[in-house]
Amino acid sequence: MSIAAVDTAPLIEADVPAPVLLTVEEAARCLRIGRTTCFGLIRTGELESLTIGGLRRVPADAPAAYLARRRAEKPAA
């Protein structure tokens, strides 16, 4: 199960499908970081996001992809 699925589980009803897009706050909660830090990752392009109208949204799989890239960058111990 992905991090996004685990952390957004309390946000969805039993009969509602999993979200495709997260708010920046939801993405920050998935990553256990602050909202400002999350916006910083978005600004630098490290965390994928898109704008719909005037709203910033993060694809539900983007936090897990960000973590996977960070883990790949980490040298083997």
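The exercises below work through the predicted model shown above, each with a solution in steps.

The model is predicted, with residues numbered from 1 along each chain as its sequence is written, and local features need pLDDT of at least 70, while side-chain atom pairs count only at pLDDT 80 or more and totals for chains, interfaces and linings use all residues. Side-chain values use heavy atoms, with hydrogens and water left out.

**Exercise 1. The elements of the chain**

Task: state how many helices and strands the chain has, and give the order in which the elements run from the N terminus.

Solution. Begin with the rule, by which helices (H or I, at least four residues) and strands (E, at least two) are DSSP runs, numbered from the N terminus. The chain has four helices and three strands. Read from the N terminus on, these elements follow the order α-β-α-α-β-β-α. As an example of a strand, strand 1 covers residues 21-23 and contains Leu21.

**Exercise 2. The buried side of helix 2**

Task: find which residues of helix 2 are buried, and determine how they are placed around the axis.

Solution. A residue counts as buried under 20% relative accessible area, as exposed over 50%, and as partly exposed in between (1.4 Å probe, protein chains only). In the chain of 77 residues, 26% are buried. Within helix 2, which spans residues 24-31, the buried ones are Val24, Ala27, Ala28, Cys30 and Leu31. Because these residues cover an arc of only 155 degrees around the axis, they lie on the same side of helix 2; the arc is that of the directions from the helix axis to the C-beta atoms.

**Exercise 3. The largest nonpolar core**

Task: identify which residues of the largest nonpolar core touch the most other members, and which element gives the most to this core.

Solution. A nonpolar core is a set of buried Ala, Val, Leu, Ile, Met, Phe, Trp, Tyr and Cys residues joined through side-chain atoms within 4.5 Å. The largest one holds 14 residues, and of these Cys38, Ile42, Leu47 and Val58 touch the most other members. Two or more residues come from each of helix 2, helix 3 (35-44) and helix 4 (62-73). Helix 2 gives the most, with five residues.

**Exercise 4. Cysteines without a bond**

Task: count the disulfides, and explain why Cys38 forms no bond with Cys30.

Solution. A disulfide is a pair of cysteine sulfur atoms within 2.5 Å, and by this rule the count is zero. Cys30 is in no disulfide, and the nearest cysteine sulfur, that of Cys38, is 9.0 Å away. Seen from the other side, the cysteine sulfur closest to that of Cys38 is in Cys30, and this distance of 9.0 Å is too far for a bond. As for burial, Cys30 counts as buried because its relative accessibility is 4%, and Cys38 counts as buried because its relative accessibility is 0%.

**Exercise 5. Two salt bridges**

Task: name the residues whose side chains meet in each salt bridge, and say how far apart the partners stand along the chain.

Solution. A salt bridge is a side-chain nitrogen of Lys or Arg within 4 Å of a carboxyl oxygen of Asp or Glu, and two of them are counted. In one, the side chains of Glu25 and Arg35 meet at 2.7 Å, N to O. This pair links distant parts of the chain, since Glu25 is in helix 2 and Arg35 is in helix 3, ten residues apart. Glu25 is partly exposed at 34% relative accessibility, and Arg35 is partly exposed at 46%. In the other, the side chains of Glu73 and Arg70 meet at 3.8 Å, N to O. Because Glu73 and Arg70 are three residues apart in helix 4, about one helical turn separates them. Glu73 is exposed, with a relative accessible area of 57%, whereas Arg70 is partly exposed, with 42%.

**Exercise 6. The phi of Arg32**

Task: locate Arg32, and state the sign of its phi.

Solution. Arg32 sits in the loop between helix 2 and helix 3, and comes just after helix 2. Most residues other than glycine have a negative phi. Arg32 has a positive phi of about 60 degrees although it is not a glycine. Arg32 is also exposed, with a relative accessible area of 63%.
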